[in-house]
Amino acid sequence: MSTRITHWIGGKPWAGTSERHGSVYDPATGRESGRVDLASAGVVDEAVQSAAAAAAEWRNASLTRRTQVVFAFRELLNARKQELAAIITAEHGKVLSDALGEVTRGLEVVEFACGIPHLLKGGFSENVSTGVDVYSIRQPLGVVAVISPFNFPAMVPMWFFPVAIACGNSVVLKPSEKDPSAAVWLAELWAEAGLPDGVFSVVHGDKEAVDRLLEHPDVRSISFVGSTPVARYVYERGTSQGKRVQALGGAKNHMVVLPDADLDLAADAAVNAGFGSAGERCMAISAVVAVDPVGDELVAKIAERMGGLRVGDGSRSVEMGPLITGEHRDRVASYVDAGDQDGARLVVDGRDQDVDGEAGGFWLGPTLFDQVRPDMSIYRDEIFGPVLSVVRVASYDEALALVNANPYGNGTAIFTNDGGAARRYQNEVEVGMVGVNVPIPVPMSYYSFGGWKNSLFGDSHAHGMEGVHFFTRGKVVTSRWLDPSHGGINLGFPTQS
Ligand code: NAD
């Protein structure tokens, strides 16, 4: 049975009738599980109007009240996170433990946002001039939009909305139309936590809804996460409308393995970071850079571990689930064909994988290529699936040059026991998030998440202090309390005395 999934506007499900719909699938069976309403520009306008009305009051709610609501949301989410994880698995396909992991990482941002009274403290300088004080405050923007991808239907929206709401903004979330139910569940939870109606809305949709958010004059900022071409478009169009935009794009993450590394630990890390969530993570490792002479031994160890991976329905006891849609599975499989044709050595072929799940599921097993060259499409493109490429290089310098020549700069890792080499890498590599013997270096909520180059357009990363700054505007007040000594005419530019 296919369920209807609709927008959440003004603190309740939308009551209208949609002209357009999208299909939502259970990727483990391939069957349609839901039909999602796709918003027209008019529906986006409805959501923004309700959000703008709510923002006018929410910005003046006391810090204590805002913190209490965010804290109540944290408590509810923590108590019911298994429910959300099950919704994610049912629509995305990732295994339950992984879905729970994404909820936990989102929860950390909610916990960070509970510290908003401290985070919003401004500065105060007494007597900058005689009897004159200066202080700084940060105020919310108003209505802010979040547009998120399919691969983290809960965590990625939670990189933004807890901080935005705690700062006193109203949020309109446009989640991926491929797995939209998590967003609606989160909206219901906000209502239960006592958030006023309209402060958090969800509009489902595709390009039409995104374009209206980019154009709408009452939407002050856009926080976008998705593929690089769309991120670039959103950044250019949003900023041309005078909006503040942070647009996080795609990735091609390299894991450099130096000759002194522990190859067993490096192989474990490559398998975990390459195939977790079926490689559908922006921080997945997709290229292992093996520095001579470790190539043969490392490839053998990775292949051996891949033999033990069980693929199947994510709600069962398996390590890897299906891909998000049949179309995406076919696209990823076409890269496996291309790598084979281009002459890379196909060490493990995921197209032959046994699966613990229904035949109609969107399956593709973990795949390993060795002897991959940078000109091959499996190296060049973001595949966003369970395909790991090993590129062999002769030296640290060659590894660094390869990583720095890549147009993406999201995450990278170096595996070594040489502290000096690791330190040199973190200094020289042109990538936003670096792991030293940590394959998926996703920063904690009190640091900021974001890549460099084609992995992020704009200058603010997500959450941490950069998130607080993104969702507020600074204001500086210069103040004095007049007494007769301040009288007299003086047309000169004010200076301190
Ligand atoms: P996507 O770009 O297809 O979609 C992202 C969002 O944009 C969705 O809400 C979608 O509805 C909307 N959208 C799609 N096409 C659009 C268009 N032409 N115009 C306007 N809006 C459009 O991305 P996806 O397939 O959902 O997610 C996977 C991508 O996201 C990968 O490239 C991955 O690397 C990236 N990602 C990046 C990060 C990061 O932090 N840098 C995190 C997660 C995912």
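E466 is partly exposed in this predicted model, with a relative accessible area of 30%, a value that lies between the 20% bound for buried and the 50% bound for exposed. The residue is found in helix α16, which covers residues 464-470. Leaving out residues up to four places away in sequence, E466 touches S448, D459, S460 and H461. E466 and Y447 are 19 residues apart in sequence, and their C-alpha atoms are 8.2 Å apart in space.

**Domains**

- The protein chain is divided into domain 1 (3-249 + 455-478) and domain 2 (253-436).
- Taken over C-alpha atoms, the centres of domain 1 and domain 2 are separated by 31 Å.
- To the contact, domain 1 gives 21 residues and domain 2 gives 24 residues.

**Nonpolar cores**

- The largest nonpolar core has 69 residues, and L77, W159 and F200 are those with the most contacts inside it.
- Helix α6 (residues 155-166) supplies the largest share of this core, with 10 residues.
- This core lies between domain 1 (3-249 + 455-478) and domain 2 (253-436), because both domains give residues to it.
- W159 is in contact with V109, V225, L248, F449, A462 and H463, once its neighbours within four places in sequence are left aside.
- A second, separate core has 62 residues, including A266, A267, A290 and V336.

**Aromatic pairs**

- A pair of aromatic rings is described by the distance of the centres and the angle of the planes.
- The structure holds 14 aromatic pairs.
- In one of them, the rings of Y25 and F362 have centres 5.9 Å apart and planes at 80°, so this pair is edge-to-face.
- The pair of Y25 and F362 links distant parts of the chain, 337 residues apart: Y25 is in strand β4 (residues 20-26), and F362 is in the loop between β17 (355-356) and β18 (367-370).
- Y25 counts as partly exposed at 30% relative accessibility, whereas F362 is buried, with a relative accessible area of 8%.
- Y446 and Y447 form a tilted aromatic pair, with 5.9 Å from centre to centre and 50° between the planes.
- Y446 and Y447 are both exposed.
- F73, F161, W190 and F200 are linked by ring pairs into a cluster.

**Helix α15**

- An α-helix has 3.6 residues a turn, so residues three or four places apart point the same way.
- In helix α15 (residues 419-428), the buried residues are A421, A422 and Y425.
- These buried residues fall within an arc of 100° when seen down the axis of α15, so they line one face of the helix.
- R423 and N427 are exposed on the other side of α15.
- The cover over the buried residues of α15 includes β13 (253-257), α14 (396-405), β21 (411-415) and β22 (433-436).
- The N-terminal end of α15 is capped by D418, which has a side-chain oxygen 2.9 Å from the backbone nitrogen of G420.

**D211 in helix α8**

- D211 lies in helix α8, which spans residues 207-215.
- D211 counts as buried because its relative accessibility is 15%, which falls under the 20% bound.
- Not counting residues up to four places away in sequence, D211 touches Y233 and R237.

**Backbone geometry**

- Most residues other than glycine have a negative phi, and most peptide bonds are trans.
- D292 and P293 are joined by a cis peptide bond with omega of about 10°.
- P293 is placed in the loop between β14 (285-291) and α11 (295-306).
- N127 has a positive phi of about 60°, although it is not a glycine.
- N127 is in strand β6 (residues 124-129) and is partly exposed, with a relative accessible area of 48%.
- A278, a residue other than glycine, has a positive phi near 55°.
- A278 is in the loop between α10 (263-275) and β14 and is buried, with a relative accessible area of 1%.

Methods. Residues are numbered from 1 along each chain as its sequence is written. This is a predicted model: local features need pLDDT of at least 70, side-chain atom pairs count only at pLDDT 80 or more; totals for chains, interfaces and linings use all residues. Side-chain values use heavy atoms; hydrogens and water are left out. Rings of Phe, Tyr and Trp (its six-membered ring) pair if their centres lie within 6.5 Å; planes under 30 degrees apart count as stacked, over 60 as edge-to-face and the rest as tilted. Helices (H or I, at least four residues) and strands (E, at least two) are DSSP runs, numbered from the N terminus. Buried means under 20% relative accessible area, exposed over 50%, partly exposed in between (1.4 Å probe, protein chains only). A nonpolar core is a set of buried Ala, Val, Leu, Ile, Met, Phe, Trp, Tyr and Cys residues joined through side-chain atoms within 4.5 Å. Domain bounds come from an automatic or database domain assignment. Contact means heavy atoms within 4.5 Å. The arc is that of the directions from the helix axis to the C-beta atoms. A polar contact is a pair of N or O atoms within 3.5 Å; within protein, one must be able to donate a hydrogen and the other to accept it, and residues adjacent in sequence count only if both atoms are side-chain atoms.
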